[in-house]
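The exercises below concern the sheet, the helices packed on it and the charged side chains of one model. Each task is followed by a solution that goes step by step.

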Amino acid sequence: LLLPDTATRRDLEDPATVAHVAACVKTPDVLDLLHALTEADGLATGPAAWNEWKAGLIADLVTRTHAVLGGHEVPSPPVLSDAYADLVRAGKLEVLTTPVAGGLEVTVVAPDRVGMLAAVAGVLSLNRLTVRSASTQTSGRVAVQVWQVLPEYGEPPSLVRLREDVRRALDGTLDVAERLAVREDALAARPGVPVPPPRVEVVPHASSSSTVLEVRAHDRPGLLYRIGAALAASGADVRSALVSTLGSEAVDVFYVVGPDGEPLSADRAHAVAVEVKAALR
């Protein structure tokens, strides 16, 4: 499970991710054999275990690992894409959507602020969009968020509606927490089965530039919003997030830094993990 777990739960742009896989497989032949075994295992399990999205992530990871095993340097995190240069210079809110394999890519460009990830995650949840991954880059005081999402059912919301909801969430005229609470209350009224308590762990040595937190919890509407809000309240800045769902359980991974842009100290990372766990109870 090295390749699927790494591809879906670690930031492929982080040099430590590819370096770890390369150290495990050691040779290109073992990497290729493991890639073939991973695909066969996923196909035999079913569409939940193997789909176009996961296959693409694993293929990307394998390509990067081959480069490292071939003696090339581990690729550095990319600079902000030129495609967003004009939007960043304008410094105003913009929301773009692009159809991609297996879903939709949503890009949000806006003046950076604490809690922006939570606000946008909440809007996506309210619009019945399941988040698969999210990445954030900043240029000056402007943030660029790129979300990979999938409609829960039917067609995705219109761009006009999505842009308006994001605008209202960021300026405070849309109470995301209240709207999500209504959905949660409706679900809570349905008979259910006991679920395991959430787990929040600090993953050591997963990145040299960020602190990595892994959250395992029963999946529910607004889960990513709750986690993002708790991280914002703790003062942690989210650099990227990866989201995967295994049946009814979500495994969400966050790369975070402190206000100084550096990884959190061990004590602070533990304290943030405790705060996030408390917010999910």
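**Exercise 1.** Determine which strands helix α9 lies across, and how helix α1 is placed.

Solution. Helix α9 (residues 223–234) lies across β3 (129–139), β4 (142–151), β6, β7 and β8, and runs at about 25° to β8. Helix α1 (residues 2–9) lies across β6 (211–218), β7 (237–246) and β8 (249–257), with an angle of about 135° to β7. Contact here means heavy atoms within 4.5 Å, and the angles, which run from 0 to 180 degrees between N-to-C directions, use axes fitted to C-alpha atoms, for helices over the stretch in contact. Helices (H or I, at least four residues) and strands (E, at least two) are DSSP runs, numbered from the N terminus.

The model is predicted, local features need pLDDT of at least 70, and side-chain atom pairs count only at pLDDT 80 or more, whereas totals for chains, interfaces and linings use all residues. Residues are numbered from 1 along each chain as its sequence is written, and side-chain values use heavy atoms, with hydrogens and water left out.

**Exercise 2.** Work out the strand order of the sheet and identify its edge strands.

Solution. Eight strands, paired in the antiparallel sense, form an open sheet in the order β1-β2-β4-β3-β7-β8-β6-β5. The edge strands are β1 (94–100) and β5 (199–203), since each pairs on one side only. From one strand to the next, the twist averages 20°. Pairing requires that DSSP find at least two bridges between two strands; β1 and β2 (residues 103–111) are joined antiparallel over seven bridges, and valine 100 has glycine 103 in β2 as its bridge partner.

**Exercise 3.** Examine the salt bridges of arginine 167 and arginine 216, and classify the accessibility of the residues involved.

Solution. A salt bridge places a side-chain nitrogen of Lys or Arg within 4 Å of a carboxyl oxygen of Asp or Glu, and the structure holds 11 of them. Arginine 167 meets aspartate 171 at 2.8 Å, N to O; both lie in helix α7 (residues 159–171), four residues apart, about one turn of the helix. Arginine 216 pairs with glutamate 214, their closest N and O atoms being 3.2 Å apart, and salt bridges that share partners join Arg10, Glu214 and Arg216 into one network.

For accessibility, buried means under 20% relative accessible area, exposed over 50%, and partly exposed in between (1.4 Å probe, protein chains only). Arginine 167, at 35%, is therefore partly exposed, as is aspartate 171 at 40%. Arginine 216 is partly exposed at 27%, whereas glutamate 214, at 9%, is buried.
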